[in-house]
Amino acid sequence: MCGIVGYIGNEQAAPILMEELARLEYRGYDSAGIAVLSEEGICLTKTRGKLQALRNKLAAGMPKGYSGIGHTRWATHGAPSDVNAHPHLDQKGQVAVVHNGIIENYQALRKELQAKGCVFQSQTDTEVVPQLLAQFLQAGEALLPALLKTLDRLRGAYALGILVQEAPDCLIAARKGSPLVVGVADTGNYIASDIPAVLPYTRRVYLLDEGEIALVYGDHVEIYSEWGERVDKKIYEVTWSVDAAERGGYDHFMLKEIFEQPKAIRDTLQPRIRQGRIRLEEAGLTEEYLAGVQRVVLIACGTASHACMVGRVAIEQLARVPVEWDVASEFRYRNPILYPEDLLIVVSQSGETADTLAALRLAREKGCKVLAITNVVGSTIAREADRVLYTWAGPEIAVASTKAYLTQLLCLYLVAIEMAYVKGKLSDETYARYIQELETLPDKAQTVLTSTEPEHALAKRFCHCRDIFFIGRGLDYAAAMEASLKLKEISYIHSEAMASGELKHGTIALIEEGVPVVALSTQGQVAEKLHSNIREVKARGAVVICIAYGDSSLEDGIADHLLYIPRTDDLFAPLLSVIPAQLFAYYCAIERGYDPDKPRNLAKSVTVE
Ligand code: F6R
């Protein structure tokens, strides 16, 4: 996720902007830049890479001036590069903009502005904003009306920091869909996408609400509604420590990221659903192409491979296309049979995992077209794949993957549903029903997160067990694989996930008095079979925790403990059932005294074999 900073006041702006940006480094980014209003006009310095690269560029001398904006960019539209780094300028260099979020109608706006003679430098959606605002200002509009007219043209989500040469005594902040705060201090005022950026200078902030605009002067702040009316706002006193604030007040990044899941689902879904249709053309998945796919091969590692297990079931069930699934480390060494017409999908949060990359290269050597589903724009896997479908989860910092997994599932569902539809395997009604249901999932995920008490209580009870088993059938089995991995990697409790019908072929020998078994129970079609398996383990003394729909018809007494999720179509259940399991794993780690963000022996990005 990108970071925005800004300063206006009595001090030199550039060193303050650099310090503010340093406070946002934990968020992950691939380029950085600042714009300072100097006596000569707006002075822009930006670069691909880390803040050190920006510092190196500034080593010859910081631009002089008392106001400025800065940005760390996590690439979305346009690869990470110097030119795509923020701030962006209008073509006369008189308006500078930093932006978080996505301007959904940027292509239409860009065409419109180009027709009026505007020349664009970057591939970003952001650049339309300074160009548009400059047009209104040049037409003689005053600052606030010009800004309101500009914002009125933007669709999508944004947090904006704006510097205007014609208005040197003020900085602009505007928020819709992406957070933004204004910090207030005696020696000047600040803007930031995140509170940690301003904490070295002040603990007094205005938290901008949806649609609000702030005109930030050196000695005061004016806040307006999206209709241009003055808003009287209370100052919020920050009581968190800097360290806690970086985690947005959460104790760990993992917990923060678990709570970001409703937003991650929404961000991944919304740009792909237009007028009741799933749109995947951005990844080259046109109707014609999807209709012709005869076989799909899904390859990934770890959590991403568990997302692929769900994807396999979804694609086969809906589109009736055979799907092969494998972990990347095995796939590449078994001389796999691949046909040039296969659609090979590699899934990777980081886009850098060595085995997944090697599988991609092997498939391309064999003439296959490779689709990458990844979270990191410009990553090696994104660059080497033929097509890319991005998961818009934002940077995932905790080693244990949570929000990336959910968005991977979502992308695979979108591919499965659209492929099924264009192949004529889904009726219009079912297609529309799936889309409607997908759109409810951010709220349903939010419901699961309403209280973490049940998961915490169970973690307290079971965190000292030696083994915990997860069982399920069909999609519940796929979700159980991920639930079990989450638990073992951060709590170090031994855990196994089983297709519940397999228990009696061996693993049931390990079930004895008091062993916890978590049964995922969302798949109506196999409910009775699962209930028989639960009875089998209960008969041997297991303590059973069921993850099930709130309104499910579980047999009386079958579960010793229940974790509820809202009802959804069984197809999408893994998106919700994994959330209580993530929380359970998180609290088991906490109760055992481990740092869930830094599990032993593990790295976030596995770039070696
Ligand atoms: C577990 C986890 C790992 C990754 C795996 C692949 O929580 O995060 O299992 O899923 O290392 O990483 P990516 O998705 O970056 O290819």
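**Close-up views of a predicted model**

**View 1. Thr 353 and its neighbours hold polar atoms beside the ligand.** In the side chain of Thr 353, an N or O atom sits 2.5 Å from an oxygen atom of the ligand. This is a predicted model, so treat the distances here as computed from it. Gln 349 comes in with its backbone instead: one of its backbone N or O atoms is 2.6 Å from a ligand oxygen. At Thr 303, a polar backbone atom lies 3.1 Å from an oxygen atom of the ligand. Zoom out a little and you'll count 14 residues around the ligand, the closest being Ser 348, Gln 349, Ser 350, Thr 353 and Glu 489.

**View 2. Gln 408 is tucked away in helix α14.** The helix covers residues 403-422. Is Gln 408 buried or exposed? Its relative accessible area is 1%, and since buried means under 20%, Gln 408 counts as buried. Looking past its neighbours within four places in sequence, you'll find Gln 408 touching Thr 303, Ala 304, Ala 307, Val 347, Ser 348, Gln 349 and Thr 391. Two of those names, Ser 348 and Gln 349, also turn up among the closest residues to the ligand.

**View 3. Val 296 sits in the largest nonpolar core.** That core has 123 residues, and Val 296 and Met 419 are the ones with the most contacts inside it. Which residues does Val 296 touch, not counting those up to four places away in sequence? They are Ile 315, Val 321, Pro 322, Val 323, Glu 324, Leu 343, Ile 345 and, yes, Met 419. Apart from this core lies another one, of 33 residues, including Ala 134, Ala 146, Leu 151 and Leu 154.

**View 4. Eight strands line up in an open sheet.** Reading across, the order is β3-β2-β4-β1-β10-β9-β11-β14, with antiparallel pairing. Why do β3 (41-48) and β14 (236-237) each have one side without a neighbour in the sheet? Both stand at the edges with a single partner strand, so there is nothing in the sheet on the other side. Further in, β1 (residues 3-9) and β10 (residues 188-192) run antiparallel and are joined by five bridges. To pick out one of the bridge pairs, find Val 5 and look to Ala 192 in β10.

**View 5. Two helices lie across strands of the sheet.** Helix α1 (residues 13-22) crosses β1, β2 (31-38), β4 (67-73) and β10, running at about 150 degrees to β1. Helix α2 (residues 51-58) lies across β2 and β3, and its angle to β3 is about 135 degrees.

Notes:
Residues are numbered from 1 along each chain as its sequence is written. This is a predicted model: local features need pLDDT of at least 70, side-chain atom pairs count only at pLDDT 80 or more; totals for chains, interfaces and linings use all residues. Side-chain values use heavy atoms; hydrogens and water are left out. A nonpolar core is a set of buried Ala, Val, Leu, Ile, Met, Phe, Trp, Tyr and Cys residues joined through side-chain atoms within 4.5 Å. Buried means under 20% relative accessible area, exposed over 50%, partly exposed in between (1.4 Å probe, protein chains only). Contact means heavy atoms within 4.5 Å. Two strands pair if DSSP finds at least two bridges between them. Helices (H or I, at least four residues) and strands (E, at least two) are DSSP runs, numbered from the N terminus. Axes are lines fitted to C-alpha atoms, for helices over the stretch in contact, and angles run from 0 to 180 degrees between N-to-C directions. A residue is near a molecule or strand if one of its heavy atoms lies within 4 Å of it. A polar contact is a pair of N or O atoms within 3.5 Å; within protein, one must be able to donate a hydrogen and the other to accept it, and residues adjacent in sequence count only if both atoms are side-chain atoms.
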